[in-house]
Amino acid sequence: MPETIYTIDMLIQKILDGEKPYDLDKIIEAYKFAESAHKGQKRSSGEPYISHPVAVAYILIELGMDTDTICAAMLHDVVEDTDITLDMVAGSFGDDVAMLVDGVTKLTKMSLSHEEMQAENVRKMLLAMSKDVRVIIIKLCDRLHNMRTLKFTPLYKQREKALETMNVYAPLAHRLGIRAVKDELEDLAFFYLDGYAYAEIEHILEIGKDAREEFITTIKERVSARLEKEEFTTKPQVDGRVKTIYGIYKKIFVDHKSIDQIYDKYAIRVIVDSINECYNVLGIIHDMFKPIPNRFKDYISTPKANMYQSLHTTVLGREGIPFEVQIRTWDMHYTAEYGIAAHWKYKEGIQGKDKLETRLAWIRQVLEAQKESDDAEEIVRTIKNDLSIDEVFAFTPKGDMISLPAGSTVIDFAYKIHTQVGNRMVGAKVDGKMVRLDYRLQTGEIVEILTTKAPDHGPGRDWLDIAKTNEAKSKIRSWFKRERHDENVAQGKAMLENEFRRNRMNIPSDEMDSFLHDELERKQCASVDDYYAKIGYGGLFISKIMPRLKERYVKLFSTNNESVPAVSETSSKTLHKSMQGIIVEGIDNCLVKFSQCCNPLPGEPVVGFVTRGHGVSVHKTDCVNYISSLRDSENASRWVKCRWADAHKAEYRTTLDIVGYDRNGLLMDVCRIFADMRVTLNQVTARETKGGNANIMVTFNTSGVDQLNVITNKISGLAGILSIERTGK
């Protein structure tokens, strides 16, 4: 589809065609201001840059936002990309517009990594959003137009932006209830993240397009005809829709369903005037069609966390095709389509606190949770996990509903009820039966948290690994920070000393305070003990602080003590080659074996674990067993540096797990790739899965990760391939 180039004339016409009053003079003035500031600037597409802010303003008008929001959209890039200052914006358009522009302006003058910069920008956006929700609505529309025009950017930028959109902006749009924006962001991001799967689903939908449209039209006509015979305040509106491409993808590839097993692929929507009429329509639908058991959801009595309300039921038509019926009032419909934009307090001129304040409480929870951790990127993970589009709804014994991200445990449930309930938990019952603390909750379950009154009871450190939500993890860290200071100091000191030994950093104890001085100031710690304690309770991550400490160590001792080894490089005098092509630091002629959990290959970063009596076990540096063992102070000290010998030539066995559509010739096509590349196959197994797909396991010899990448790329290019994973077998 060709890109729509938005102009100020289109924007003015959009305003004149609508019923909402706007200060058109102020909007035109903002346009002229932005046009002058961006004069000479071009977008990646070659269009004048001003077309972008005009497009963002146009989308906001479609959402029904106010004059100041439209002006801020026009000006949202002038501070970031031109010489215009916030004071100049405030002087011309008022403090309100300047505040909104500042909220969506990125931080650009900080020396941080890409991930840390992304996290800091998200944090700034949420802080501004907690004061005025219009900030995030502008940002979502800004991202939406950027995604619509992403094809004009380099490939690496396309994937980077698409991944950020899927992990941050789509979940935010979902939590704010802006369905149209969420759906389009997901589909656009999915297109750039997995273009082949996108094209496959698009092709499937296109094949049955005429039949699908005919089916939906027939159902709509039958429902409309029946509703006309009933008494309603006004005539119900009946619409039809097809599930989004990304929505179908999740059902097929994540839930392992065939296209025929997706019951809500087709849906009709009935909109009426009152809640009573919603339930009347439900009865009529169940009278007309056969309802499918366990496929009814009442989101009117138990709304979703993003304010969404509707009745959902899945039924079978005479054709034997299942379809979903959504029933809602007009107010519910506006909330479902526009979310927070439909209920935002400035829209109605409401002053002070109202229900909106409660609905936006999660923003403060996200920000509070991140305060307990030094990991800047945790705020992005919080949005990705805690604001997950997939939710479970569990109940307390009193019938109160608790909404949590899919995959949450009883620990998350306890802390969602109250901090003290979580801290005093000793066990849990689900539907009357005792369960483990790592039990993952399912929708509809009744959860009873068992607590103790013992004054010294608290959470276990392993709870940080069990809990799913960052809200629960934050409260657990907070408890350890407050109640176990001495224990945290000892734990943190041991962890840091073990890491120093592993990196051969020899720092005299009387010099530790001066060595850590800059770190103490950076992390706002009053003493070294406070620094140790922060490591101990999880507020500081060893993996995050060690690169800075290594750099400082090298700078100090390369000047003051030439005999101290530099940790940033591996000394050739202490590296010894093994028979398996691995060079191990400090160990000569050692037995080396390759771990079965991750099967490292030449070209991949590796690390060695000194076993008891079995030599050195080599793992990839991203191996889950390596990462998890670093939390254990005893095991952490047994890891040694190692790398592949440059001239070593050998073959290593590895296995690929391939999933694809079960078509004729798929296995033959896969095997032909190995034959053409003269790669030795050790074992091949193939089976049909429940979802109608084919699962092929191929074990073969490879010279390293470069050859493996060529093989996987060739297999990915075959028709019908859905996924390829390297296994640890």
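## Salt bridges and surface patches: worked exercises

The side chains of Glu164 and Arg143 form a salt bridge, with N and O 2.8 Å apart. In this term, a side-chain nitrogen of Lys or Arg lies within 4 Å of a carboxyl oxygen of Asp or Glu. The model is predicted: local features need pLDDT of at least 70, side-chain atom pairs count only at pLDDT 80 or more, and totals for chains, interfaces and linings use all residues. Residues are numbered from 1 along each chain as its sequence is written, and side-chain values use heavy atoms, with hydrogens and water left out.

**Exercise 1.** Place Glu164 and Arg143 in the chain, then classify each as buried or exposed.

*Solution.*
- Step 1: Glu164 sits in helix α10 (residues 155-175) and Arg143 in helix α9 (residues 134-148). Helices are DSSP runs (H or I, at least four residues), numbered from the N terminus.
- Step 2: The two are 21 residues apart, and the pair links distant parts of the chain.
- Step 3: Apply the cut-offs: buried is under 20% relative accessible area, exposed over 50%, partly exposed in between (1.4 Å probe, protein chains only).
- Step 4: Glu164 has 12%, so Glu164 is buried. Arg143 has 5%, so Arg143 is buried.

**Exercise 2.** Explain how Lys157 and Glu160 are spaced in helix α10, and classify both.

*Solution.*
- Step 1: Lys157 and Glu160 form a salt bridge, their closest N and O atoms 3.8 Å apart.
- Step 2: They are three residues apart in helix α10, so about one helical turn separates them.
- Step 3: Lys157, at 27% relative accessible area, is partly exposed. Glu160, at 29%, is partly exposed.

**Exercise 3.** Find the partner of Asp68 and the helices involved.

*Solution.*
- Step 1: Asp68 forms a salt bridge with Lys26, the closest N and O atoms being 2.8 Å apart.
- Step 2: Asp68 is in helix α4 (residues 67-75) and Lys26 in helix α2 (residues 24-37), 42 residues apart.
- Step 3: Asp68 has a relative accessible area of 15%, so Asp68 is buried.
- Step 4: The structure holds 19 salt bridges.

**Exercise 4.** Which residues are linked in a network of salt bridges?

*Solution.*
- Step 1: The network links Arg179, Lys182, Asp183, Glu186 and Glu337.
- Step 2: Recall the principle: side chains of opposite charge can pair when their charged atoms come close.
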